[in-house]
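Reader: I would like a close look at a single part of this model, namely the charged side chains of one helix and the partners they meet. Please take your time over it, and set that part in the context of the whole chain.

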Amino acid sequence: MKKATMLIASIICIFASGCANMHNKANTSAITQQPLTMISQIDSFKPEIACSQALEVVNSNPYGQEFFEKIFAKLVEQSKNSAAPENADLIWDNFVSPLNQTGKVPPDLVKNLWNSYFSAQFVSLPAVDSVEQCCHKLIDIKKNIEKEYRLKQQGFAACKQGNPDTHFLNAMYVYNTIWAVCNEVD
């Protein structure tokens, strides 16, 4: 009887320690989950979650403008999988605003990039009092307008805003006017 009681007690202890050990392993794996560090880890089709993932990738890496622009592009790409008119606001509220609070990325860059994707206005058009101040930058201005147009195509698709062609034509009209003034064309 003593042997049977000891055997049962031993079996209970083994099961209890095995279950306790399994519980600790589950907690340890949850605690030791590695932070997101790569753009490819931004994989959610839900914009709110993709924003959280993108924010984690930004904060887990040293700042670099090109890297940040790639993160933003991936975030917009993921948002296109759940395209909806509110996506621009979701990205602003869940990515841009929190990112501005961290100070990790220059706030003007964040705002301008968001506008490049989602605003009807072209941020690449110069904001100067005198057109002549732009004459030496005409090639860069045109390249930036074309780049911004490609970004707007992606952003407008993510938000089901239609097509940015009209806005692009307006921006090109402004560019052509600047070009004509710089080249003294009547």
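I would start with Lys70: is its side chain buried, partly exposed or exposed, and what is its relative accessible area?

Author: Lys70 is partly exposed, with a relative accessible area of 45%; it falls into that class because the value lies between the 20% under which a residue is called buried and the 50% over which a residue is called exposed. The structure is a predicted model, and what follows should be read with that in mind. Lys70 belongs to helix α3, which spans residues 65–80, and its side chain meets that of Glu66 in a salt bridge, with 3.5 Å from N to O. The two residues sit four places apart in the helix, about one turn. Glu66 itself is exposed, at a relative accessible area of 56%, so this pair joins an exposed residue to a partly exposed one. In general, side chains of opposite charge can pair when their charged atoms come close.

Helix α3 also takes part in a second pairing, and here the partner comes from elsewhere in the sequence. Glu69 of helix α3 forms a salt bridge with Lys147, at 3.7 Å from N to O. This pair links distant parts of the chain, since Lys147 lies in helix α6 (residues 138–158), 78 residues away from Glu69. Both ends are partly exposed: Lys147 has a relative accessible area of 38%, while the value for Glu69 is 21%. Glu69 therefore counts as partly exposed rather than buried, because its 21% does not fall under the 20% cut-off.

Another lysine of the same helix, Lys74, is in a contrasting situation. Lys74 is buried, yet it has no salt bridge. The nearest side chain of opposite charge is that of Glu77, which lies 4.0 Å away. Once the neighbours within four places in sequence are left aside, Lys74 is in contact with Ile39 and Ile42.

Following the link from Glu69 to Lys147 leads into helix α6, where there is a further salt bridge to consider. Lys152 and Glu148 meet through their side chains at 3.1 Å from N to O; they are four residues apart in helix α6, so about one helical turn separates them. Lys152 is buried, with a relative accessible area of 0%, and Glu148 is also counted as buried, at 2%. Whereas the Glu66–Lys70 pair has an exposed member in Glu66, both members of this pair are buried. Part of the surroundings of this buried pair can be named: Asn115, in helix α5 (residues 107–118), touches both Glu148 and Lys152, and it is likewise in contact with Gln121 and Val123, sequence neighbours within four places being left out. Asn115 is itself buried, at 15% relative accessibility.

Beyond helix α6, in the loop that leads to helix α7 (165–182), there is Lys160. Lys160 is exposed, with a relative accessible area of 58%, and its phi is near 50°, a positive value in a residue other than glycine. Most residues other than glycine have a negative phi. Cys159, found in the same loop between α6 and α7, is buried at 1% relative accessibility. Apart from residues up to four places away in sequence, Cys159 touches Ala84, Pro85, Asn87, Ala88 and Phe118, and its C-alpha atom is 8.9 Å from that of Ser82, although the two residues are 77 positions apart along the chain.

Charged residues without a salt bridge can also gather at the surface. Glu48, Glu86, Asp89 and Asp93 form a negative surface patch, and of these Asp93 lies in helix α4 (residues 87–102).

To place all this in the whole chain, a search of the complete structure finds three salt bridges: Glu66 with Lys70, Lys147 with Glu69, and Lys152 with Glu148. The chain contains seven helices and zero strands, and buried residues make up 33% of its 186 residues. Among contacts with a separation of 6 or more, 68% join residues 24 or more positions apart. About 11,700 Å² of the chain is exposed, and carbon and sulfur atoms supply 57% of that area.

Definitions and conventions
Residues numbered from 1 in each chain as written. Predicted model: local features only at pLDDT ≥ 70, side-chain atom pairs only at ≥ 80, totals over all residues. Heavy atoms only, no water. Patch = residues over 30% accessible without salt bridge, like charges linked within 9 Å, V, L, I, M, F, W, Y side chains within 5 Å. Areas by Shrake-Rupley, 256 points an atom, 1.4 Å probe, with all protein chains shown as cover. Lys, Arg positive; Asp, Glu negative; His and termini not counted. Charge placed at Lys NZ, Arg CZ, Asp CG, Glu CD. Buried < 20%, exposed > 50% of the residue type's maximum accessible area, 1.4 Å probe, protein only. Contact = heavy atoms within 4.5 Å.
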